[in-house]
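Please open the model in a viewer and keep the sequence panel at hand. The stops below are given in the order in which they may be selected.

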Amino acid sequence: MAECERVDRSNQGMDKSITLPPDEIFRNLENAKRFAIDIGGSLTKLAYYSTVQHKVAKVRSFDHKEADGDPLYEISVQEEITARLHFIKFENAYIETCLDFIKDHLVNTDTKVIKATGGGAHKFKDLIEKKLKLKVNKEDEMTCLIKGCNFVLRNIPHEAFVYAKHADSEFRFQNSNPDIFPYLLVNIGSGVSIVKVESEDKFERIGGSSIGGGTFWGLGALLTKTKRFDELLQLASRGQHTNVDMLVKDIYGGSYGSLGMTGDLIASSFGKSATANKEFSKEDMAKSLLHMISNDIGQLACLYAKLHKLTRVYFGGFFIRGHPVTMHTITYSINFFTKGEVQALFLRHEGYLGAIGAFLKGAEEDSVCSLAAADPNLYSWGENYAGSSGLMSVSPDLNPMQRARSGTFDMLEMDRLERQLVNLPLLQDASSYIPDTVDLTEDALARDYWLYCFQEALDGVVKRAVASQPDLPEVSERAEKFRQKYCHKLQTLRHQPFAYGSLTVRSLLDTREHCLNEFNFPDPYSKIKQRENDMALKYYQKAVSSLEQLSWEQRQFALVRGLLAGNVFDWGAKAVSDVLESDPEFGFEQAKRQLEERPWLVDAFDQWLERLKGPPHKCALFFVDNSGIDIILGVFPFVRELLSRGTEVVLASNSAPALNDVTNGELQILTERIAAMDPVIQTAVKEDKLVLVQSGSSSPCLDLSRLDKVLAMVVRERHTDLVIIEGMGRAIHTNYYASLSCESLKMAVLKNSWLADRLGGKLFSVVFKYEVPLKPHQESAALTPS
């Protein structure tokens, strides 16, 4: 903990004449391939694409084992090159320093052109061309804005949010909707542009106003003699508009009931200044002006939204720029004029839209760029939490370290994912699907616990990271850098839980995985998984033989109990990892004895047993969890039974490592070895009744709205009618409340005593949920009042 505090204090005194370290702000410049820049009135946003070389863990099966003691497969750490997008935002005052820095560190680029957008692109054109020796190619500002907006809405979950000033969580993030169109974009710069966006390439400016941010700034400067926009907003945040505005009650003595107007409604902006014989404070005038401009924009936006029948209205532009006071007044205005039917939506990365759009325009034109230039949307992209600074509040009571940082440099990094990600077709309603069970942004008690929990687990993660690479250079130094980086992220999230969208257990786990990868620890649990897979395989035939001795009904229970016992072997749970480290002999039978006796905490086994007496399922999609005993002695016997019933099975495993979860590469090898000793599995593989597919995930949790496109295709083709989700990460922290259009099993053992207590259970309590979707007539009945 002391180390984290030292990190914070060292950043508080950030010098405005900042020295720019390449590994912290302009990262990987030596491999930059293409640039774009968006220059506004006060902020510059730079975008570039780079190729990143990092380590990945690969497994390769041995052709044969020389002896019983030899491992099943070998693990190698290899270099791999992937694509990354970098976006940096800084004040225009730094532009010359930044251009000098880029020029000095630009090594391997053959780029001749830099795409530019924004009002300042013309002003700085000569400076950019002189410093970087690149030709400035100006792009249309609105086209870039729309392209950037489409990109972030499609690729960044929790990009859009509603601002609620007086709520426990001021930022309420929206679900990612698979269909982002149509929407209304209200861009508030000097004036206001209102754009209807219908598709990637179809948009239209349907209206606007000359009364916008420039009006607020200009009139504000005349009224208060304050020349800086941010200072004007600070004045407004301290003002009381009712001292200047004439309210309905000032005219009628109260509300105007017949017209439905409350007494506190503004009847006339600045109305009191015409009759009161007194001076008004700068703060009150700034607040009145802010309300006047915001209400005018809000009403205009509402009228256009109603006219075009649009319910999604996004606000952006320098007038917004993440300022709580402007977001609050716009939100109030929209709520008032639509009576709550339309919500004002804001974007986490609103300031980057122009730069992102300009970059994408350049990528489309550059057939050489390995970004898949013709269509960047061929890929999915994910935010790299390790290299992104996240959403920073600018509220006055923010801790000094964060306030200083948000005023200097802000970073966003996006990694190209090797798989295109789509929704699981079996979600009942993809637009309302929420992966995470608990939003820690809104639950302060849970947030404090989980932040403490991840901090406490950090030493163990560092230890395993070092142990996974005993022969590689500087392993201890890299592990310490990982510790510092993740420690700093946890500190940021304590102060700014909304930094990366909704804070959840999943996002804390994913941030840790990103930080591990940043310092070339792609698979800290690789050796543990290898050892446990080797061990479990030795007992597979015995386990199957024991199950075959049982009656049908006894076997069904034993299979479920075995699956649950296997799920105990989770190195991500401290209660389990402590046992596994202290007692190497702890095995499958001991795990069974740890399980809660029936009735379980959530117990739908009887309903599942009854269903098994009916016709077999056509195809089961099984999202698997841990390596070792879990997958080999728990999952495979269960899968074997489904296959024997005539049900096809799709095993979906992680595309890349996370904790001790089995990866697709490992599962391929394990399946091959199990098939060699089990005719049922061997036949199923040969006849394509058992297939292995990557999930597209590298997380211990599961987001069913971001799955490998190939998996979604397989699910459709095989008419999947049963989904099985196993483990705390996938079935408790995420998807506990997920509604599917087919039958589902969600099962896990609670391996965290705090969570178990919160759910009304205890350590090693069992959750076994069997859910059947409501038929249309049942849904109607459920909605009918009694």
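**First stop: a pair within one helix**

Select Glu-589, which is partly exposed, with a relative accessible area of 44%; here buried means under 20% relative accessible area, exposed over 50%, and partly exposed in between (1.4 Å probe, protein chains only). The model is predicted, so local features need pLDDT of at least 70 and side-chain atom pairs count only at pLDDT 80 or more, while totals for chains, interfaces and linings use all residues. Residues are numbered from 1 along each chain as its sequence is written, and side-chain values use heavy atoms, with hydrogens and water left out.

Add Lys-592, which is buried at a relative accessible area of 16%. The side chains of Lys-592 and Glu-589 meet in a salt bridge of 3.3 Å, N to O; a salt bridge is a side-chain nitrogen of Lys or Arg within 4 Å of a carboxyl oxygen of Asp or Glu. Both residues belong to helix α20 (residues 588-594) and are three residues apart, about one turn of the helix. Helices (H or I, at least four residues) and strands (E, at least two) are DSSP runs, numbered from the N terminus.

**Second stop: salt bridges between separate parts**

Select Arg-640 and Glu-548, whose salt bridge has its closest N and O atoms 3.1 Å apart. Arg-640 lies in helix α22 (residues 629-644) and Glu-548 in helix α17 (residues 540-548), so this pair ties together parts that are 92 residues apart in sequence. Arg-640 is buried, with a relative accessible area of 14%, whereas Glu-548 is partly exposed at 46%.

Move next to Lys-361 and Glu-139, which form a salt bridge with the closest N and O atoms 3.9 Å apart. Lys-361 is in helix α10 (residues 353-365) and Glu-139 in the loop between β5 (135-138) and α4 (141-155), so parts 222 residues apart in sequence are tied together. Both Lys-361 and Glu-139 are buried. In the whole structure, a search finds 45 salt bridges.

**Third stop: helix α10**

Keep α10 selected. Helix α10 has 13 residues and reaches 19 Å from its first C-alpha to its last, close to the 18 Å expected at 1.5 Å a residue; the expected span is 1.5 Å times one less than the number of residues. Eleven of the 13 residues of α10 are buried, so the helix is largely enclosed by the rest of the structure. Among the buried residues are Leu-353, Ile-356, Phe-359 and Leu-360. To see what covers them, display the elements in contact (heavy atoms within 4.5 Å); these include β1, β2, β3, β4, α4 and β14 (343-347).

**Fourth stop: the seven-stranded sheet**

Which strands make up the open sheet of seven, and in what order? The order is β5-β4-β1-β2-β3-β16-β15, with mixed pairing; two strands pair if DSSP finds at least two bridges between them. β5 and β15 (380-383) stand at the edges with a single partner strand each, so one side of each is left without a neighbour in the sheet. Neighbouring strands of this sheet are turned by 30 degrees against each other on average, direction ignored.

At one edge, select β15 with strand β16 (residues 409-417): the two pair in the antiparallel sense over four bridges. Gly-382 stands opposite Asp-415 in β16. Then show helix α23 (residues 664-677), which lies across β2 and β3 and runs at about 20 degrees to β2. Axes are lines fitted to C-alpha atoms, for helices over the stretch in contact, and angles run from 0 to 180 degrees between N-to-C directions.

**Fifth stop: strand β8 and its partners**

Select strand β8 (residues 183-188). Six of the six residues of β8 are buried, so the strand is largely enclosed by the rest of the structure. Tyr-183, Leu-185 and Asn-187 point one way, and Leu-184, Val-186 and Ile-188 the other way. In a regular strand the side chains alternate between the two faces of the sheet.

Add strand β9 (residues 192-197), which runs antiparallel to β8 and is joined to it by six bridges. The two strands form a hairpin with three residues between them, and Val-186 stands opposite Ile-194 in β9. Finally, add strand β13 (residues 312-316), which pairs with β8 in the parallel sense over four bridges. Here, the bridge partner of Asn-187 is Gly-316 in β13.
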